[in-house]
Amino acid sequence: MKRHPLLPIALLALCTACSEQATLRVEDGIGPNPQLPAPNKTFIPTVNVAPVVGWAPGTMPVAAAGTRVNAFAEGLQHPRWLYVLPNGDVLVAESAAPGTDKPAGIKSWAAGFLMKRAGSQVPSANRISLLRDINGDSVADLRSTFLKGLNSPFGMVLVGKDLYVANADALMRFPYVKGTTEINEPGTKVTDLPAGLNHHWTKNVIASRDGRKLYITVGSNSNVGENGMEAEEGRAAIWELDRASGNKRLFATGLRNPNGLAWEPQTGKLWTAVNERDELGSDLVPDYITSVKDGGFYGWPYSYFGQHVDDRVQPQRPDLVAKALVPDYALGPHTASLGIAFAKGSKLPNFRNGLFVGQHGSWNRRPHSGYKVIFVPFKGGKPNGEPVDVLTGFLDEQGNAQGRPVDVKLDSKGALLVTDDVGNKVWRVSAAKK
């Protein structure tokens, strides 16, 4: 079917004209007890995309008081996820959604058009690059193609001499030698991962403290199960894989789109960041961070934030809703909170006990939310207090996206690295020089 060249523009205008507005502040949807108003379902979902303009020469994000920011690496191709090797080298996955298995239909086509305006629909470089600061000036002097020919790579973790990479469809293992700048081995497939339409394609991986287990995130294949629950088999979940035997099992379920994974330093509990559902209005549903309970069910798609039923999903499952766990801490509606990193080892003043969170930014909220890096204070292994901005200024005064933060990781010197997949940079936040 040939589409009229003005159809995308007309569709965008229609979506914008019919969109509703938030009645609550973003802050009202943050914390252990966020405000959850009645759903505001509209015929046409709210669409408020921040058009991509990139960073003008000499501009950069705004760092919190007592810190400074510089570009650690520039000219990357859609950098998404980070991993810091024991020798201080930094791995960055340059990746985007697979080009195959795209969902059909006018709604999916329109969503793709709108996401392209937001800088999300780009070809995947399918590689992992290595960044090394040789002279200690906080800028990567050496950049090499560490791994290539991957399939939308995302999460990475090193266990001993085994480097694991989570592709969109499989977990791969590669041999690693300390200090190497490239791996030319083809790698070994450890296990297949649920793939297909790839409504959510990103897969993250983290190792247990003793290295015996791996935990792998798999997002849902839809917003709220509209493709049928058969398409969601093994998805919206965190898997646990035993490295020795290769056996895997579902560790936690009902997590619409889990991305960030990190171990809380005091309690040793696994935490994740989860993107919640869309199209219930600008005030719903808050994304969240939570500790992950073995065997826990977190509601998706039947309910959100505990027992708040989503009546769009039919047939319902009251048995599952009854046992849905309430997440620990909401992060605001539609903030698209992705990467997380606990502050153990942080050298940033005032950011020593808590969790850094990269918020990629909204498309389904008016006005925008997210588009920044925040810090959630912790006490006794739990969130304690309101979040603090760490890195802002990703939107300009006209609401255009100069950049969009994705992942956050502490480097070997206690500074915070932040990927920016629209600005094609890795930012480095460090203590301000006195």
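Is Phe-305 buried or exposed? In this predicted model, Phe-305 counts as buried because its relative accessibility is 6%, where buried means under 20%. Phe-305 sits in the loop between β19 (303-304) and β20, and its phi is near 45 degrees, a positive value in a residue other than glycine.

His-78 invites a similar description, since its phi is positive, about 55 degrees, although His-78 is not a glycine. This residue lies in the loop between β3 (67-73) and β4, and His-78 counts as buried because its relative accessibility is 5%.

Asp-89 belongs to the loop between β4 and β5 (90-94), and with 2% relative accessibility Asp-89 counts as buried. The side chain of Asp-89 makes a polar contact of 3.0 Å with that of Asn-87 and another, of 2.8 Å, with the side chain of Arg-132. Once its neighbours within four places in sequence are set aside, Asp-89 is in contact with Tyr-83, Val-84, Leu-130, Leu-131, Arg-132 and Thr-180.

Two cis peptide bonds can be set out side by side.

| Cis peptide bond | Omega |
|---|---|
| Leu-284 and Val-285 | about -5 degrees |
| Gln-314 and Pro-315 | about -5 degrees |

Val-285 has its place in the loop between β17 (270-275) and β18 (286-291), whereas Pro-315 is found in the loop between β20 (308-309) and α3 (318-322).

Turning to empty space, the second largest pocket holds about 890 Å³. Its lining consists of 30 residues, and those nearest the centre of the pocket are Tyr-83, Ile-206, Ala-262, Trp-263 and Lys-409. Two or more lining residues come from each of β4 (79-84), β8 (156-159), β12 (205-207), β16 (257-263), β22 (337-342) and β27 (405-410), with β4 providing the largest share, four residues. Classified by residue type, this lining comprises 20 nonpolar, six polar and four charged residues. Tyr-83 thus appears twice in this account, as one of the residues nearest the centre of the second largest pocket and as one of the contacts of Asp-89.

The structure also holds one cavity of 30 Å³ or more, and the volume of the largest cavity is about 30 Å³. The largest cavity is lined by Glu-20, Asn-40, Thr-42, Pro-45, Thr-46, Glu-279, Leu-280, Gly-281 and Asn-364, a set that divides into two nonpolar, five polar and two charged residues.

Methods. Residues are numbered from 1 along each chain as its sequence is written. This is a predicted model: local features need pLDDT of at least 70, side-chain atom pairs count only at pLDDT 80 or more; totals for chains, interfaces and linings use all residues. Side-chain values use heavy atoms; hydrogens and water are left out. On a 1 Å grid over the protein atoms alone, a cavity is a set of points where a 1.4 Å probe fits but cannot get out, and a pocket is an open set with protein on both sides within 12 Å along at least five of seven lines; lining residues have an atom within 4 Å of a point. Grid points are joined across faces, edges and corners, and a volume is the space filled by probe spheres set on the points. Ala, Val, Leu, Ile, Met, Phe, Trp, Tyr, Cys and Pro count as nonpolar, Asp, Glu, Lys and Arg as charged, and the others, Gly among them, as polar. Buried means under 20% relative accessible area, exposed over 50%, partly exposed in between (1.4 Å probe, protein chains only). A polar contact is a pair of N or O atoms within 3.5 Å; within protein, one must be able to donate a hydrogen and the other to accept it, and residues adjacent in sequence count only if both atoms are side-chain atoms. Contact means heavy atoms within 4.5 Å.
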